[in-house]
Amino acid sequence: MAEEAMRQIQWFPGHMAKTRRMIAANLSLVDAVVEILDARIPQSSRNPEMDRMVGTKPRLLLLNKADMADPAATSRWIAAYRQKGCLALAVDCRSGKGIRQFAPTVREQLLHELLEKRHAHGMVGTPIRLMVVGIPNVGKSSFINRMAQSKRAKVEDRPGVTRNKQWVKIGSDMELLDMPGVLWPKFEDQTVAQRLAFTGAISDDIMDLEALAGLLLERLVQYYPDALEARYHIPDLCTEESGFTMLERIGRKRGMLISGGEVHTERAAIMLLDEFRSGKLGRITLELPEQEA
Ligand code: G4P
């Protein structure tokens, strides 16, 4: 079923290799890396090669879209990252929640030692330089715009379209390096691909939406049955045999029928995915640190 849902995902290995080279070439220009993740799928929204690419450079993980994630799960992820020695913060770049903690965390925790050394050597005024990385749609532009307190034009990262890296000044002592390029995780892992598709990170144009919605329902039944009951008020919905039969019942309840009384399951799938992605099912996290270890 998983394979059915992913007809074809375009991965552009050449484009990714170029991005990797650019990151490697620019690492020496920055003091630290800010890696943006989707708080609903912190593991699946990471490029697994990032650890190797970033090496020993200090790194701050931003669990973005925390407004849509289950707060208890987000706290568990942050604790798990911290246990591994990696600083992590929950943010919501759409509303700005959590963003105020960013600069103090960089200065007082992430780069505390480096800044003390600089101070001791009289290097005042040297800006803190940070590289911002993350997969497409994770919120890199939203983060940079929030920090810059301005709305810069978004430049799409598409194969064949080159855009240059850009430094964005933040306040008096910080600069963000906005890296162009695309760094998808490995789609060969079907679980990763599915979770990216649930959140809308992968374009719906290449998906079998009914299969995808069925898979999402199967996931939600496992971890958030109450959210489904509360939203759709369908008796025993969560005891249905498959995600697809759940989808049919949801579509029927919403009156999505075609001639002959059958359910228009594609419309139902679009509605379900849209309701999940817009937070109408509540704050939901699709993976937990204990499951991914
Ligand atoms: P990118 O540069 O990494 O590709 O991502 P970008 O900032 O463009 O964000 C992708 C989408 O995610 C945007 O929505 C953006 O508003 C949304 N987003 C970013 N951060 C957050 C967050 O913390 N919470 C929530 N709920 N959404 C966030 P869009 O619908 O594509 O664009 P728009 O309608 O906001 O203009």
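The following exercises, each with a worked solution, concern the predicted model of one protein chain.

**Exercise 1. Confidence and overall composition**

Determine how confident the predictor is in the protein chain, and where pLDDT stays under 50.

*Solution.*
Step 1. The average pLDDT of the protein chain is 88, and 89% of the residues score at least 70.
Step 2. The stretch where pLDDT stays under 50 is residues 1-5. For this stretch the model has 13 contacts beyond four places in sequence.
Step 3. The composition can then be stated: the protein chain holds 13 helices and six strands. Of its 293 residues, 50% count as buried.
Step 4. The accessible surface comes to about 14600 Å², and carbon and sulfur atoms account for 50% of that surface.
Step 5. Among contacts between residues at least 6 apart in sequence, 70% join residues at least 24 apart.

**Exercise 2. The sheet**

Establish the order of the strands in the open sheet and identify its edge strands.

*Solution.*
Step 1. The sheet is open, has six strands and follows the order S3-S2-S1-S4-S6-S5, with mixed pairing.
Step 2. Strand S3 (87-90) and strand S5 (166-170) each pair on one side only, and they are the edge strands.
Step 3. On average, neighbouring strands of this sheet are turned by 25° against each other, direction ignored.
Step 4. Individual pairings follow. S1 (residues 32-38) and S2 (residues 59-64) are parallel and share six bridges; within this pair, Asp 38 stands opposite Asn 64 in S2.
Step 5. S4 and S6 also run parallel, joined by five bridges, and Arg 129 stands opposite Glu 175 in S6.
Step 6. S5 and S6 pair in the antiparallel sense, over five bridges. Here Gln 166 has Asp 178 in S6 as its bridge partner.
Step 7. The hairpin of S5 and S6 has three residues between the strands, and Gly 171 takes a positive phi near 60° in this hairpin.

**Exercise 3. Strand S6 and Leu 176**

Decide which residues cover each side of S6, and trace the contacts of Leu 176.

*Solution.*
Step 1. Strand S6 comprises residues 174-178, and five of its five residues are buried.
Step 2. Met 174, Leu 176 and Asp 178 lie on one side, with Glu 175 and Leu 177 on the other; both faces are covered.
Step 3. Beyond its neighbours within four places in sequence, Leu 176 is in contact with Leu 130, Val 132, Phe 143, Ile 144, Met 147, Gln 166, Trp 167, Val 168 and Ile 170.
Step 4. Leu 176 is also among the residues with the most contacts inside the largest nonpolar core, together with Leu 62, Phe 102, Val 106, Leu 130 and Phe 143. That core has 67 residues.
Step 5. Helix H9 (residues 209-223) gives the largest share of this core, seven residues.
Step 6. Another core, of twelve residues, lies apart from it and includes Ile 23, Val 33, Met 50 and Met 53.
Step 7. As a general background, nonpolar side chains in soluble globular proteins tend to be buried together.

**Exercise 4. Three polar residues**

Classify Thr 74, Asn 137 and Ser 142 as buried, partly exposed or exposed, and place each in the structure.

*Solution.*
Step 1. Thr 74 has 7% relative accessibility and therefore counts as buried, the limit being under 20%.
Step 2. Thr 74 lies in helix H4. Helix H4 (residues 71-83) lies across S1, S2 and S3 and runs at about 165° to S3.
Step 3. Leaving aside neighbours within four places in sequence, Thr 74 is in contact with Ala 39, Leu 63, Ala 69 and Ala 90.
Step 4. Asn 137 has a relative accessible area of 44% and is therefore partly exposed, since this class lies between 20% and 50%.
Step 5. Asn 137 belongs to the loop between strand S4 (128-133) and helix H7 (140-148). Outside its neighbours within four places in sequence, Asn 137 is in contact with Lys 65, Gly 200 and Ala 201.
Step 6. The C-alpha atoms of Asn 137 and Leu 37 are separated by 9.8 Å, although the two residues are 100 residues apart along the chain.
Step 7. Ser 142 is in helix H7 and is partly exposed, at a relative accessible area of 36%.
Step 8. Between the C-alpha atoms of Ser 142 and Asn 64, 78 residues apart along the chain, the separation is 9.8 Å.

Conventions
Residues numbered from 1 in each chain as written. Predicted model: local features only at pLDDT ≥ 70, side-chain atom pairs only at ≥ 80, totals over all residues. Heavy atoms only, no water. Core = buried A, V, L, I, M, F, W, Y, C linked by side-chain atoms within 4.5 Å. Buried < 20%, exposed > 50% of the residue type's maximum accessible area, 1.4 Å probe, protein only. Helix = DSSP H or I, 4+ residues; strand = E, 2+ residues; numbered from the N terminus. Contact = heavy atoms within 4.5 Å. Pairing = 2+ DSSP bridges. Axes fitted to C-alpha atoms, helices over the stretch in contact; angles between N-to-C directions. Areas by Shrake-Rupley, 256 points an atom, 1.4 Å probe, with all protein chains shown as cover. pLDDT = per-residue confidence, 0-100.
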